[in-house]
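Reader: I am new to this structure and would like a close look at a single part of it, the sheet. Please describe how it is put together and what lies against it.

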Amino acid sequence: MITISFKTSSPKAIAFARKLMESKRETQKEMRESYKNNPEIRNAIERLRKQNEAN
Amino acid sequence: MDKYDYIYVGGENNSFYFITDNRVVYEVKFKDSSYLFDGRLEFPVIAFEFILEIEENPDSVSPPLDNKIPYTVAAIFRDFFAKNDEQVIIYICDSSDSRQAIRRRKFNQWVEFFKGNEFLKIDAEIVESSKITYYNSLILKTNHPNRQTIIDVFISLADEQEK
């Protein structure tokens, strides 16, 4: 892995970072709701649990 | 090295799940974030935001250190890149609880499993104050045909937001 880093404190960069963070929080909320309520996910988790128990 | 079995739930969710020995259920989601590059380039960029989330934790305390998790996450990353090696991944360290520096270290630990020069990571450190710092990263294949242009856009994205 090659890594390049940069650092900034510009107000525009901060506004951008806040916007990304806000979007991430919304996605995390949607993920938790999907996990609880989406039957496709629930079924997949049950299959994985059984698969793990069998191993 | 040992890793957990995982499953992929496709469609809108675009998520992988794995369950640890401590019965903690993790979700790894790749959320379509191509919109970040819309209108900035003459070619489409397929971008996904990587999100790792604990969905179920029966013990209700922070899960203990688990050496299988980094290998599992790295395997999921590879699987996802195998679908299309021209896509790019964006990672935003969650800063809602002020533990973003710890998350950055963990994320760097996971991606360290990609030895060699196959992948390229661009780290952005955005400092709001002495107490608030945001860490964002972009990962793409080193041999991506539009590598330099995408990196330039990622670096300039923040400064262009208010234009």
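Author: What follows goes through the sheet strand by strand and then turns to the helices and the contact between the chains.

The model is a predicted one. Its open sheet has eight strands, in the order β1(A)-β6(B)-β7(B)-β5(B)-β4(B)-β3(B)-β2(B)-β1(B), and the pairing is mixed. The edges are β1 of chain A, residues 2-8, and β1 of chain B, residues 6-9, each of which pairs on one side only. From one strand to the next the twist averages 20°.

Chain B comes to three helices and seven strands. Read from the N terminus, the elements of chain B follow the pattern β-β-β-β-α-β-α-β-β-α.

Begin at the edge formed by β1(B). This strand runs antiparallel to β2(B), and four bridges join the two. Across this pair, I7(B) stands opposite Y17(B) of β2(B). The hairpin of β1(B) and β2(B) has five residues between the strands, and G11(B) there takes a positive phi near 65°.

β2(B) itself is mostly covered, with five of its five residues buried. In a regular strand, side chains alternate between the two faces of the sheet. In β2(B), S15(B), Y17(B) and I19(B) point one way, while F16(B) and F18(B) point the other way; all are buried.

On its other side, β2(B) pairs with β3(B) in the antiparallel sense, over five bridges. Here S15(B) has K29(B) of β3(B) as its bridge partner. The hairpin of β2(B) and β3(B) also has five residues between the strands, and R23(B) takes a positive phi near 65° in it.

The next step is from β3(B), residues 25-32, to β4(B), residues 47-56; eight bridges join these antiparallel strands. One bridge partner pair is K31(B) with E49(B) in β4(B).

Two helices of chain B lie against the sheet. Helix α1(B), residues 68-83, packs on the sheet and touches β1, β2, β3 and β4 of chain B, with its direction at about 30° to that of β3(B). Helix α2(B), residues 100-111, packs on the sheet as well, touching β5 (88-92), β6 (119-127) and β7 (133-141) of chain B. The direction of α2(B) makes about 15° with that of β7(B).

At the other edge, chain A supplies the strand. β1(A) runs parallel to β6(B), and seven bridges join them. Within this pairing, T3(A) stands opposite K121(B) of β6(B).

The contact between the chains takes 35 residues from chain A and 40 residues from chain B. On the side of chain A that touches chain B, the elements that give two or more residues are β1, α1 and α2 (39-54) of chain A. The largest share of that side, 16 residues, comes from α1(A). By class, the side has 17 nonpolar, 10 polar and eight charged residues.

That helix, α1(A), covers residues 11-37, which is 27 residues, and reaches 39 Å from its first C-alpha to its last, close to the 39 Å expected. Its buried residues are A13(A), F16(A), A17(A), L20(A) and K24(A).

Last, the chain that holds most of these elements can be taken as a whole. The C-alpha trace of chain B spans about 45 × 40 × 35 Å along its principal axes. Chain B has a radius of gyration of 16 Å, which agrees with the value near 15 Å for a compact globule of 163 residues. Buried residues make up 29% of the 163 residues in chain B.

How values were computed
Residues are numbered from 1 along each chain as its sequence is written. Chains are lettered from A and ligands numbered from 1 in the order in which they are written. This is a predicted model: local features need pLDDT of at least 70, side-chain atom pairs count only at pLDDT 80 or more; totals for chains, interfaces and linings use all residues. Two strands pair if DSSP finds at least two bridges between them. Axes are lines fitted to C-alpha atoms, for helices over the stretch in contact, and angles run from 0 to 180 degrees between N-to-C directions. Two residues are in contact if their C-beta atoms, placed from the backbone, lie within 7 Å. The expected span of a helix is 1.5 Å times one less than its number of residues. A residue is buried if 20 or more other C-beta atoms lie within 10 Å of its own, exposed if 12 or fewer, and partly exposed in between; C-beta atoms are placed from the backbone. Ala, Val, Leu, Ile, Met, Phe, Trp, Tyr, Cys and Pro count as nonpolar, Asp, Glu, Lys and Arg as charged, and the others, Gly among them, as polar. The radius of gyration is taken over C-alpha atoms; the globule rule is 2.2 Å times the number of residues to the power 0.38.
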